[in-house]
Amino acid sequence: MTIADSPPQLQSQLSTTTVLLASPRSFCAGVQRAIETVERVLDRATGPVYVRKQIVHNRTVVAELSSRGAIFVDELDEIPDPPALGTVVVFSAHGVSPAVHAAAKQRGLEVVDATCPLVTKVHVEATRFAGRGDTVLLIGHAGHEETEGTLGVAPESTLLVQNVDDVASLDLPGDAQVSYLTQTTLALDETSDVIAALRRRFSRLSEPPSEDICYATTNRQRAVDAIVGQCDVLLVIGSQNSSNSQRLVELARRRDTPAYLIDGPSDIDPRWLDAVAVIGVTAGASAPPQLVEQVVDALRQRGPIDVVEDPVTTESVRFNLPRKVRAL
């Protein structure tokens with residue numbers, strides 16, 4: 001039973017609850033760009049529109065685009081060969097390796113690349129560091145699509161580092177020519193521990209010219225940090241495979257606040273809210289804003305609430321659509 005299913009007599013007995021909305025929350029510029037890219041292609045394509053992997057890591061977004069005709073595939077070989085006339089394939093916001101680009105070109109597929117510009121920045125840095133002879137240490141999570149894409153930029157020169165223990169086990173001398181990059185959706189505090197370990201281990205460590213963890217990930221973590229100490233529980237709206245959403249849950253739990261990752265209001269267990277006076281609500285960068293509204297409405301159904309929002313910053317970043325899409 002969800003909170004929306006609670007009996008009216010129970011709901012009426014509940015006292016006013018404070019709902020703290022973390023801000024910023026929900027869509028970032030890279031996610032908005034990727035979704036709009038698929039929407040624009042769907043509106044104007046004359047043939048089937050395939051999307052390699054999830055365009056962003058959110059079930060609601062994928063379901064909505066699927067209902068409009070987008071066909072999601074895990075790999076390019078799932079696209080019929082030869083492709084139907086007018087076929088377009090969109091690469092997701094997480095980026096792909098050069099090998100995937102080459103495979104699409106070999107197949108003669110028309111590609112629209114919706115890679116987030118901040119992920120592209122990391123790929124450019126990987127190319128530059130590897131090109132000058134560095135061993136590139138990529139701080140990230142194994143199996144994540146963004147990490148796989150970045151590892152594929154210079155596979156012979158790049159090693160994955162997931163935690164401080166991995167730093168200690170690297171088979172490299174302390175004076176090796178190394179550089180580090182990071183996945184864009186990592187937790188700031190945990191990543192800083194890994195970077196500190198790299199600095200202690202390697203005397204010739206080079207760093208990216210600017211932070212790789214994206215502004216939106218940083219802002220959403222700061223926003224949670226600003227409210228989590230006041231919350232009895234935190235609800236994080238996002239899908240299970242959303243790295244930046246998972247990091248928000250982990251951050252709250254490290255601050256000793258119970259936190260739960262939900263796709264929407266139907267995932268809320270009423271037991272989480274027993275004897276709770278202050279509920280925090282946030283959403284990962286790939287979660288649609290309307291899901292936040294739906295969760296707040298569901299909380300309102302269980303009794304009176306006082307919604308409070310105090311942004312830690314205001315975001316004004318917007319990325320241009322891919323050139324090929326703008327030309328459609």
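The legends below describe close-up views of a predicted model.

Local features need pLDDT of at least 70 and side-chain atom pairs count only at pLDDT 80 or more, while totals for chains, interfaces and linings use all residues. Residues are numbered from 1 along each chain as its sequence is written, and side-chain values use heavy atoms, with hydrogens and water left out.

**View 1. The largest cavity and its lining.** A cavity is a set of points on a 1 Å grid over the protein atoms alone where a 1.4 Å probe fits but cannot get out, and lining residues have an atom within 4 Å of a point. The largest cavity has a volume (the space filled by probe spheres set on the points, joined across faces, edges and corners) of about 270 Å³. Its lining comprises 23 residues, of which Cys 28, Val 31, His 94, Thr 185 and Asn 244 are the closest to the centre.

**View 2. Glu 146 in helix α6.** UniProt lists Glu 146 under "active site" in an unreviewed entry; such annotations may be inferred rather than shown by experiment. Helix α6 spans residues 145-151, helices being DSSP runs (H or I, at least four residues) numbered from the N terminus. Glu 146 counts as buried (under 20% relative accessible area, 1.4 Å probe, protein chains only) because its relative accessibility is 2%. Beyond residues up to four places away in sequence, Glu 146 touches (heavy atoms within 4.5 Å) His 94, Val 119, Thr 182, Gln 183, Thr 184 and Thr 185.

**View 3. Two cis peptide bonds.** One joins Ser 23 and Pro 24, with omega about 5 degrees. The other runs from Asp 81 to Pro 82, with omega near 0 degrees.

How values were computed. On a 1 Å grid over the protein atoms alone, a cavity is a set of points where a 1.4 Å probe fits but cannot get out, and a pocket is an open set with protein on both sides within 12 Å along at least five of seven lines; lining residues have an atom within 4 Å of a point. Helices (H or I, at least four residues) and strands (E, at least two) are DSSP runs, numbered from the N terminus. Buried means under 20% relative accessible area, exposed over 50%, partly exposed in between (1.4 Å probe, protein chains only).
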